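Me: I would like to work through this structure by question and answer, taking the interior, the charged pairs and the surface in turn.

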Amino acid sequence: MEFQHTSVLLEETIEYLNVRPEGVYVDGTLGGGGHAFAVCSRLSEKGRLIGIDQDEAAIAAAGERLRPFGAAVTAVHSNYGQMRDILHGLGMEQVDGILLDLGVSSYQLDDPGRGFTYREEAAPLDMRMDQRQSRTAAEIVNTYSERELFRMIRDYGEDRFAKNIARHIVQARSKQAIETAGELNEIIRAAIPARVRAAGGHPSKRTFQALRIELNRELEVLAASLDEMIELLRPGGRICIITFHSLEDRIVKSTFKKNEDPCTCPSDFPVCVCGAVSRGRVVTRRPILPGEAERERNPRSKSAKLRVFERSCGEG
């Protein structure tokens with residue numbers, strides 16, 4: 001199956017990234033290379049792009065798409081959480097810009113074999129972004145305690161029926177291991193009241209999101225990496241992050257705000273005495289959202305939000 005992914009907020013992201021022709025840029029979620037191609041198109045012969053993705057299929061697809069730019073592009077099969085080590089391994093201390101598109105690709109969603117979708121009944125419960133890892137979503141479903149499942153579905157799926165879904169999963173797996181999307185769908189349907197199922201979207205959407213986030217440590221990696229990525233920016237460099245649900249957006253928003261105003265002094269102190277120094281400024285006070293035309297053209301863009309932070313020129 002061909003790797004397909006429509007780049008969301010492409011024009012807006014490239015505009016806010018403020019690409020310098022001779023700069024060095026990192027696309028930490030390379031995907032099919034859509035954003036990376038737009039960046040490379042604005043670079044001179046001295047410019048460079050480092051692309052990182054944990055999905056081997058993405059690395060292969062992006063490699064083909066970015067082939068015209070030759071040695072200006074370096075693609076690395078890894079997680080963006082390892083960005084500092086990757087850059088240091090390439091002899092780089094800082095870069096001019098960083099981009100993250102945290103959405104799941106159309107390829108990953110539409111290929112039943114990858115197990116991300118709840119719409120294909122026979123799909124395995126896989127959901128690995130990096131297929132080098134051994135643990136799958138099926139292992140979580142069949143081994144987590146009821147309490148752990150409840151916590152995961154409540155926190156990452158934000159499902160008000162998390163407790164009941166967790167209980168139904170544990171009851172069902174005591175009779176037979178849960179291995180496919182269809183089997184898990186039936187269990188979730190039974191755990192949610194019929195009136196709610198009739199009024200809402202697909203009942204499995206939130207639980208599948210929670211499983212994917214838990215398995216791939218998505219929020220954990222994001223929260224642990226943001227400060228370090230801001231440190232990797234040269235003065236005036238920018239980091240652009242596209243999120244697709246409130247949990248991601250909350251982390252990005254709060255981390256950007258903390259880096260802009262790190263002061264921990266009580267609000268009634270006349271002057272700052274904590275010594276914390278701002279690392280830069282939040283460029284987007286409100287997130288940038290897709291326009292109507294993009295939402296109609298690409299329904300998966302509807303929940304996208306772009307936030308941008310710029311490293312202070314006084315830092316380096």
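**Interior, charged pairs and surface**

Reply: One point before the questions is that this is a predicted model. As a starting residue, Arg212 counts as buried, at 13% relative accessibility.

Me: In which helix is the place of Arg212, and which side chain does a polar contact of 2.8 Å join to the side chain of Arg212?

Reply: Arg212 is placed in helix α11, which covers residues 205-216. Apart from residues up to four places away in sequence, Arg212 touches Val104, Phe116, Met127, Met129, Glu218 and His245. Among these, the residue whose side chain is joined to that of Arg212 by a polar contact of 2.8 Å is Glu218.

Me: Which residues touch the most other members of the largest nonpolar core, and which helix gives the most to this core?

Reply: The largest nonpolar core holds 63 residues, and those touching the most other members are Met83, Ile98, Ile169, Leu184 and Ile239. The greatest contribution to this core, 6 residues, comes from the helix spanning residues 218-231, namely α12.

Me: Which residues are in contact with Ile98, leaving aside its neighbours within four places in sequence?

Reply: Ile98 is one of the residues that touch the most other members of the largest core. With the neighbours within four places in sequence left aside, the contacts of Ile98 include Met83 and Ile239, both of which are also listed with Ile98 among those core residues. The full set in contact with Ile98 is Leu17, Val26, Met83, Met229, Leu232, Leu233, Arg238, Ile239 and Cys240.

Me: How many residues make up the second, separate core?

Reply: This second core is separate from the one just described, and its members include Ile59, Ala62, Ile288 and Ala304. The number of residues in this second core is 26.

Me: Are Asp126 and Arg128, whose side chains meet in a salt bridge, buried or exposed?

Reply: The salt bridge between the side chains of Asp126 and Arg128 has an N to O distance of 2.8 Å. Asp126 has a relative accessible area of 10%, and Arg128 has one of 15%. Because a residue under 20% relative accessible area falls in that class, Asp126 is buried and Arg128 is likewise buried.

Me: Why are Glu186 and Arg189 separated by about one helical turn?

Reply: The side chains of Glu186 and Arg189 meet in a salt bridge of 2.6 Å, N to O. Glu186 counts as partly exposed at 47% relative accessibility, and Arg189 is partly exposed with a relative accessible area of 24%. The separation is about one helical turn because the two residues lie 3 residues apart in helix α9.

Me: How many residues apart in sequence are the parts that the pair of Arg307 and Asp249 ties together?

Reply: The side chains of Arg307 and Asp249 meet in a salt bridge of 2.6 Å, N to O. Arg307 lies in strand β7 (residues 305-311) and Asp249 in helix α13, so the parts that this pair ties together are separated in sequence by 58 residues.

Me: Which residues are linked with Arg84 in a network of salt bridges?

Reply: The structure holds 22 salt bridges. In the network that contains Arg84, the other linked residues are Glu228, Glu231 and Arg279.

Me: Which residues make the nonpolar surface patch of about 300 Å²?

Reply: One member, Val271, lies in the loop between α13 (246-260) and β6 (280-282). Val271 is exposed, with a relative accessible area of 56%. The patch is made by Phe269, Val271 and Val273.

Key:
Residues are numbered from 1 along each chain as its sequence is written. This is a predicted model: local features need pLDDT of at least 70, side-chain atom pairs count only at pLDDT 80 or more; totals for chains, interfaces and linings use all residues. Side-chain values use heavy atoms; hydrogens and water are left out. Patches are made of residues with over 30% relative accessible area and no salt bridge: like charges are joined within 9 Å, nonpolar side chains (Val, Leu, Ile, Met, Phe, Trp, Tyr) within 5 Å. Accessible areas come from the Shrake-Rupley method with a 1.4 Å probe; for residues, only the protein chains shown count as cover. A salt bridge is a side-chain nitrogen of Lys or Arg within 4 Å of a carboxyl oxygen of Asp or Glu. Helices (H or I, at least four residues) and strands (E, at least two) are DSSP runs, numbered from the N terminus. Buried means under 20% relative accessible area, exposed over 50%, partly exposed in between (1.4 Å probe, protein chains only). A polar contact is a pair of N or O atoms within 3.5 Å; within protein, one must be able to donate a hydrogen and the other to accept it, and residues adjacent in sequence count only if both atoms are side-chain atoms. Contact means heavy atoms within 4.5 Å. A nonpolar core is a set of buried Ala, Val, Leu, Ile, Met, Phe, Trp, Tyr and Cys residues joined through side-chain atoms within 4.5 Å.
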